[in-house]
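Thanks for sitting down with me over this model. Could we go through it together, one question at a time?

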Amino acid sequence: MNFDGMWLPHDQDPRMQEGPTKGEKACLVGYLEHYRQTLALKCDGLSAEQLATRAVPPSNISLLGLVRHMARVEQSWFRRVIEEHMELPRLFQDEDGGFALPDVDDDLVRESHDIWESEIAYAREVLKRTDLDTVVDAKGDPAEVRDIIVHMIEEYARHCGHADLVRECIDGRTGQ
């Protein structure tokens, strides 16, 4: 197979930073943004059917399921934990963390991406006004916000690895 053109040129990749980061917060947020954008790139250019494809049996992971799962994770950590609104119901209440999909069509894809992007925008605002040293109640244990950001980076990195495999199974696109 020929995979020419499946990678963005370096100067067109939205994840490329202008220069080195300055300080711990900028560094952590930079990595988090990198992985958020990586997941978005993995979904780029696919149909609703392709986004819903569970390409690595027996797993039920799909790219759309990953988007919904990460919207749920963003909402839980930033709205519920950091902002202490545990009364909010978790997004996509189901037993598998958002991976179960109802009937998939373009509207569900658009809605899922809108929710994910909205949660990311909200999380960005929370991070702007929250110090990394802030201690919050993380499910009964004290945790600094920096620990939550590191966890978010780990969560995205793990799931971007899944997204790599799913995307490769769908159309052969690898890396990036």
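What follows is a friendly exchange of questions and answers about this structure.

Reader: Before we start, what kind of model is this, and how are its residues numbered?

Author: This is a predicted model, where local features need pLDDT of at least 70, side-chain atom pairs count only at pLDDT 80 or more, and totals for chains, interfaces and linings use all residues. Side-chain values use heavy atoms, with hydrogens and water left out, and residues are numbered from 1 along each chain as its sequence is written.

Reader: Happy with that. In what order do the elements of the protein chain run?

Author: Helices (H or I, at least four residues) and strands (E, at least two) are DSSP runs, numbered from the N terminus. The protein chain has five helices and two strands. Read from the N terminus on, their order is α-α-α-α-β-β-α.

Reader: What share of the residues counts as buried?

Author: Buried means under 20% relative accessible area, exposed over 50%, and partly exposed in between (1.4 Å probe, protein chains only). The protein chain has 176 residues, and the part of them that counts as buried is 44%.

Reader: Let's turn to α4. What length does this helix reach, and what length is expected?

Author: Helix α4 covers residues 106-129, which makes 24 residues. The expected span of a helix is 1.5 Å times one less than its number of residues. From first C-alpha to last, α4 reaches 35 Å, close to the expected 34 Å.

Reader: Which elements cover the buried residues of α4?

Author: The buried residues of α4 include Leu108, Val109, His113, Trp116 and Ile120. Contact here means heavy atoms within 4.5 Å. The elements that cover these buried residues include α1 (24-43), α2, α3 and α5 (145-171).

Reader: How do α1 and α4 lie relative to each other, roughly parallel or roughly antiparallel?

Author: Two packed helices are described by the angle between their axes and the distance between the axes. Axes are lines fitted to C-alpha atoms, for helices over the stretch in contact, and angles run from 0 to 180 degrees between N-to-C directions. For α1 and α4 the angle is about 175° and the axes are 12 Å apart. Angles under 35 degrees count as roughly parallel, over 145 as roughly antiparallel, 65 to 115 as roughly perpendicular and the rest as oblique, so α1 and α4 are roughly antiparallel.

Reader: Which residue forms a salt bridge with arginine 124?

Author: A salt bridge is a side-chain nitrogen of Lys or Arg within 4 Å of a carboxyl oxygen of Asp or Glu, and the structure holds 12 of them. In this one, the closest N and O atoms are 2.7 Å apart. Arginine 124 counts as partly exposed, at 36% relative accessibility, while its partner is buried at 14%. That partner is glutamate 33.

Reader: Where does the partner of arginine 129 lie?

Author: Arginine 129 is exposed, with a relative accessible area of 52%. Its side chain meets that of glutamate 83 in a salt bridge at 2.4 Å, N to O. The two are 46 residues apart, with arginine 129 in helix α4 and glutamate 83 in the loop between α3 and α4.

Reader: Why are aspartate 171 and arginine 167 separated by about one helical turn?

Author: These two form a salt bridge, with the closest N and O atoms 2.9 Å apart. Aspartate 171 counts as partly exposed at 27% relative accessibility, whereas arginine 167 is buried at 4%. They are about one helical turn apart because both sit in helix α5 at a spacing of four residues.

Reader: Is serine 112 buried or exposed, and how far is its C-alpha from that of arginine 68?

Author: Serine 112 lies in helix α4 and counts as buried, at 0% relative accessibility. Leaving aside its neighbours within four places in sequence, serine 112 is in contact with Leu64, Val67 and Arg68. Serine 112 and arginine 68 are 44 residues apart in sequence, and their C-alpha atoms are separated by 6.0 Å.

Reader: One last serine: which backbone nitrogen does the side chain of serine 62 reach?

Author: Serine 62 lies in the loop between α2 (48-51) and α3 (63-82), and it counts as buried at 0% relative accessibility. Beyond its neighbours within four places in sequence, serine 62 is in contact with Leu51, Ala52, Thr53, Arg54 and Leu101. At 2.9 Å, its side chain reaches the backbone nitrogen of glycine 65.

Definitions and conventions
Polar contact = N/O pair within 3.5 Å; in protein donor to acceptor, adjacent residues only side chain to side chain.
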